[in-house]
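The exercises below are meant to be worked with the sequence and the model open side by side. Try each task before reading the solution under it.

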Amino acid sequence: MKKRVAIGFLGVSLDSGKRDKRWERWRPTVALCQQGDLPIDRLELIHDIRATSLAERIVGDIAVISPGTQVVRHIMNLADAWDFQEVYGALYDFARAYPFDVEEEDYLVNITTGTHVAQICWFLLTEAHYVPGKLIQLSPPKRQGEGVAGSYSIVDLDLSRYDAIASRFRAETHEATSFLKSGIPTRNTAFNAMIDQIERVAMRSRAPVLLTGPTGAGKSLLARRIFELKQARRQLTGDFVEVNCATLRGDHTMSALFGHVRGAFTGAQTDRAGLLRAADGGLLFMDEIGELGLDEQAMILRAIEEKRFLPVGADKEAASDFQLIAGTNRDLSVDVRSGKFREDLLARLNLWTFELPGLAARREDIEPNLDFELTRYAEREGENIAFNREARARYLTFATAPEARWTANFRDLSASVTRMATLAPGGRITEDGVAEEIARLVRHWRAGDVEGADRLLADFLGEERVAGIDRFDQVQLAEVIRVCRASSSLSAAGRVLFAASRQAKASSNDADRLRKYLARFELDWEAVRQG
């Protein structure tokens, strides 16, 4: 059985008393050792050297009422027991030096004695697990004749143990994650789990966050929702500042990001604060950060780490305390290997990396997002549009089928809903309207097939290797790679690619067929999935 160890300050006023009448008074340190159902094996008693006489008396009294309790005294001289920094520092040092043994001992921290500052510091240190125990609060007897031991209550800072608090916490967490998803009741398990984790990171950390994923996957919207959530929780006081790094070009990139002073270059007639200073106290979202040049990357890294940077033409540094969210649709580790992206910057961004899947990888979420887009259209245009039942069923059948490309992801879906809603007669989207929209989407995706195949293969295999593959095979291979990247497994990709021919077979091994096809080009599943 574990030993029970109590830690606490000597109460200079509450524990005082010299004559026999002291036994008629409630003294919290003595009362701690008088609780019949809470035997204390050891008491770590902290006091100022000026209270030595009182401490010795308390030790003697405890020996009388609880002979089995060992009292260990610790001298802690505080110049100002109401100075938060001094008290916290002293207790922090005490906790770090104390030989806690959680396998053999249970610890209680007495917050009844000591100044209010000391009580707060005990709470913080226990909550942060520097003291691996629970808090105990002692109370005097409520009525005469009840003795002098009084009562106690133990506070376990693991809030999950308290049903009411845990329920409220779960509700607030659910509300926060729903907010990050714009209230969309998404069904994709992996995506929902990722949003749950993003919510925890957003609430507990100010470290940079890297959002990856294809264009149109929702990185910009999610970054803004993170900002709004942190702002609602009073974690940010500044603005949301967004910049697409792909739009920054040439010498003006430095000026746009870091600002400049008057006369820094031709045309610089006034000072410019720059985007980093505009984000002071707020959140800076740098989309397509992989498009930045190496010089700008170096300055961004310093601004993240030191909160300081040098505006163009200035001889005095500027400061800005912002949180950074970066976005990219590229594999930055590939850019690091090719020398296009700084390894140290990626290491700084890579603490929290979340990959947002494309719409094609979240087909079960198309229906709730369809409703969301209709709601957005109504709010934007002031007109409520709805599907006919048959039209909705037909559109969803097409939208969730493996053949639906959704190459621009949610931008494709948003544009599609906008077109159908705008052309809907009498506020109702009909089957004819859906058929027309499906044909339009198919034409759009086919038009991009050749260009998309060239770009995909060139990025993945390199232009020299692509040149050795027949044009016929290039188009086919590009489609295979695209499906593989949108699928959760080799078998799932095989079912999409061989959907027609597999019906004619008594038994099929789609994974093996796909594996052999990839092997023709010296590729395997993992290589294709990782890019």
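**Exercise 1. Is Glu 288 buried or exposed, and what is its relative accessible area?**

Solution. The model is a predicted one, and the values discussed here are computed from it. Begin by placing the residue: Glu 288 sits in the loop that runs between E9 and H10. Next, take its relative accessible area, which is 10%; since the cut-off for buried is under 20%, Glu 288 counts as buried. Finally, look at the backbone, where phi of Glu 288 is near 55°, a positive value in a residue other than glycine. For comparison with what is usual, most residues other than glycine have a negative phi.

**Exercise 2. Find where Asn 409 lies, and work out its phi and its burial.**

Solution. Asn 409 belongs to the loop between H14 and H15. The backbone there has a phi near 60°, which is positive although Asn 409 is a residue other than glycine. With a relative accessible area of 4%, Asn 409 is buried.

**Exercise 3. Describe the surroundings of Ala 399, going from its helix to its contacts.**

Solution. First, the element: Ala 399 is part of helix H14, which covers residues 389-399. Second, the burial: its relative accessible area is 0%, so Ala 399 is buried. Third, the contacts: once residues up to four places away in sequence are set aside, Ala 399 touches Arg 363, Ile 366, Ala 404 and Trp 406. As a last step, compare separation along the chain with separation in space, for Ala 399 and Glu 364 are 35 residues apart along the chain, while their C-alpha atoms are separated by 10.0 Å.

**Exercise 4. Which residues have the most contacts inside the largest nonpolar core, and which elements supply at least two residues of this core?**

Solution. The largest nonpolar core has 29 residues, and those with the most contacts inside it are Leu 276, Leu 284, Met 286 and Leu 349. Turning to the elements, at least two residues each come from strands E8 (240-244), E9 (283-287) and E12 (323-328), and likewise from helices H8 (252-258), H10 (294-306) and H12 (343-349). There is also a second, separate core of 25 residues, which includes Tyr 377, Phe 410, Leu 413 and Val 417. As background, nonpolar side chains tend to be buried together in soluble globular proteins.

To see one member of the largest core in detail, take Leu 349, which touches Pro 208, Leu 210, Ile 289, Ile 304, Leu 324, Ala 326 and Phe 341 when residues up to four places away in sequence are not counted.

**Exercise 5. Determine what Glu 373 is in contact with, and whether this residue is buried or exposed.**

Solution. Glu 373 is found in helix H13, residues 366-381, and is buried, with a relative accessible area of 6%. Leaving aside neighbours within four places in sequence, Glu 373 is in contact with Leu 413, Ser 414 and Val 417. Of these partners, Leu 413 and Val 417 are also included in the second core.

**Exercise 6. At what angle do helices H15 and H16 pack, and which residues make the contact?**

Solution. Start with the geometry: helix H15 (residues 410-423) and helix H16 (residues 431-447) pack at an angle of about 145°, with their axes 10 Å apart, and the crossing is right-handed. Then list the participants, which on the H15 side are Asp 412, Ser 416, Arg 419, Met 420 and Leu 423, and on the H16 side Gly 433, Val 434, Glu 436, Glu 437, Arg 440, Leu 441, His 444 and Trp 445. Sorted by character, the residues of this contact comprise five nonpolar, three polar and five charged.

**Exercise 7. Explain why the protein is described as more spread out than a compact globule.**

Solution. Take stock of the elements first: the secondary structure comes to 22 helices and 15 strands. The globule rule gives 24 Å for 531 residues, whereas the radius of gyration is 33 Å, well over that value, so the protein is more spread out than a compact globule. The C-alpha atoms fill a box of roughly 100 × 70 × 55 Å along the principal axes. Of the 531 residues, 43% count as buried.

Conventions: Residues numbered from 1 in each chain as written. Predicted model: local features only at pLDDT ≥ 70, side-chain atom pairs only at ≥ 80, totals over all residues. Heavy atoms only, no water. Helix = DSSP H or I, 4+ residues; strand = E, 2+ residues; numbered from the N terminus. Buried < 20%, exposed > 50% of the residue type's maximum accessible area, 1.4 Å probe, protein only. Contact = heavy atoms within 4.5 Å. Core = buried A, V, L, I, M, F, W, Y, C linked by side-chain atoms within 4.5 Å. Axes fitted to C-alpha atoms, helices over the stretch in contact; angles between N-to-C directions. Left-handed = near helix turned anticlockwise from the far one by under 90°. Nonpolar A, V, L, I, M, F, W, Y, C, P; charged D, E, K, R; others polar. Rg over C-alpha atoms; globule rule 2.2 N^0.38 Å.
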